[in-house]
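I opened this notebook to keep track of what I looked up in one structure. The entries follow the order of my reading.

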Amino acid sequence: MDTSVHISSAAVSDRGLSQKRPHNEDSYLDLAQRGIFAVADGVGGAQAGEVASQMAMDILGEAFANAGNSDAETVMRAAIEQANSAIYDM
């Protein structure tokens, strides 16, 4: 009996109806091989929301790419703290 699992994913995002947001600032992460999927809301209207959301997804992706067999919750917590600090410093 085949017990393998196949995951398919897709992402769609929209800037919303507000005219204050001329473009979509959301970013997403799709690491299907690791079972990691995440979305960062760009907080439309905030300065450089698209940069912050992409930075968060880049840091999270890098953390999981280098995590090996580490506990996913521990990796996630550390990556979110690192992303928060990096965005705040920016």
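Before listing any neighbours, I fixed the term: contact means heavy atoms within 4.5 Å. I also noted that the model is predicted.

**Entry 1: V75**

I started with V75, which lies in helix 2. Leaving out residues up to four places away in sequence, I found that V75 touches A63, F64, A67 and S70. For F64 I looked up the spacing as well: V75 and F64 are 11 residues apart in sequence, and their C-alpha atoms are 6.8 Å apart in space. Is V75 buried or exposed? The cut-off for buried is under 20% relative accessible area. V75 has 10% relative accessibility, so V75 counts as buried.

**Entry 2: the two helices**

Next I looked at how helix 2 sits against helix 1. Helix 1 covers residues 49-65 and helix 2 covers residues 72-89. Their axes are 9 Å apart, and the packing angle is about 145°. The crossing of helix 1 past helix 2 is right-handed. I then wrote down who makes the contact. From helix 1 it is A52, M55, A56, I59, L60, A63 and F64. From helix 2 it is A72, V75, M76, A79, Q82, A83, A86 and I87. What classes of residue make up the contact of helix 1 with helix 2? I noted 14 nonpolar residues, one polar residue and no charged residues.

**Entry 3: the two strands**

I moved on to the strands. Strand 1 (residues 27-31) pairs with strand 2 in the antiparallel sense, over five bridges. Two of the pairings I looked up by name. S27 stands opposite A40 in strand 2, and D30 has F37 as its bridge partner there. The hairpin has four residues between the strands. In this hairpin G35 takes a positive phi near 75°.

I then checked which way the side chains point. As a general point, side chains in a regular strand alternate between the two faces of the sheet. Strand 2 (residues 36-40) shows such an alternation. I36, A38 and A40 point to one face and are buried, while F37 and V39 point to the other face and are not buried. In strand 1 the covered face has S27, L29 and L31, and the uncovered face has Y28 and D30.

**Entry 4: L29**

From the covered face of strand 1 I picked L29. L29 has a relative accessible area of 11%, so L29 is buried. Which residues does L29 touch, not counting those up to four places away in sequence? I listed I36, F37, A38, M57, L60 and G61. I also looked up the spacing to A56, which is 27 residues from L29 along the chain. The C-alpha atoms of L29 and A56 are separated by 9.4 Å.

**Entry 5: S27 and S53**

I took these two serines together. S27 lies in strand 1, and S53 is found in helix 1. What is the distance of the polar contact that joins the side chains of S27 and S53? I noted 2.8 Å. The side chain of S27 also has a polar atom 3.2 Å from the backbone nitrogen of Q54.

Both serines are on the buried side of the cut-off. S27 is buried because its relative accessible area is 6%. S53 counts as buried because its relative accessibility is 2%.

I listed the contacts of each, leaving aside neighbours within four places in sequence. S27 is in contact with A38, V39, A40, E50, S53, Q54 and M57. S53 is in contact with E25, D26, S27, A40, D41 and G42.

**Entry 6: A48**

Last, I looked at A48, whose place is in the loop between strand 2 and helix 1. How accessible is A48, and what does that make it? Its relative accessible area is 35%, so A48 is partly exposed. I also looked up how far A48 is from G35, the hairpin residue with the positive phi. The C-alpha atoms of A48 and G35 are separated by 29 Å, and the two residues are 13 residues apart along the chain.

Technical notes
Residues are numbered from 1 along each chain as its sequence is written. This is a predicted model: local features need pLDDT of at least 70, side-chain atom pairs count only at pLDDT 80 or more; totals for chains, interfaces and linings use all residues. Side-chain values use heavy atoms; hydrogens and water are left out. Axes are lines fitted to C-alpha atoms, for helices over the stretch in contact, and angles run from 0 to 180 degrees between N-to-C directions. A crossing is left-handed if the near helix is turned anticlockwise from the far one by less than a right angle, and right-handed if clockwise. Ala, Val, Leu, Ile, Met, Phe, Trp, Tyr, Cys and Pro count as nonpolar, Asp, Glu, Lys and Arg as charged, and the others, Gly among them, as polar. Buried means under 20% relative accessible area, exposed over 50%, partly exposed in between (1.4 Å probe, protein chains only). Two strands pair if DSSP finds at least two bridges between them. A polar contact is a pair of N or O atoms within 3.5 Å; within protein, one must be able to donate a hydrogen and the other to accept it, and residues adjacent in sequence count only if both atoms are side-chain atoms.
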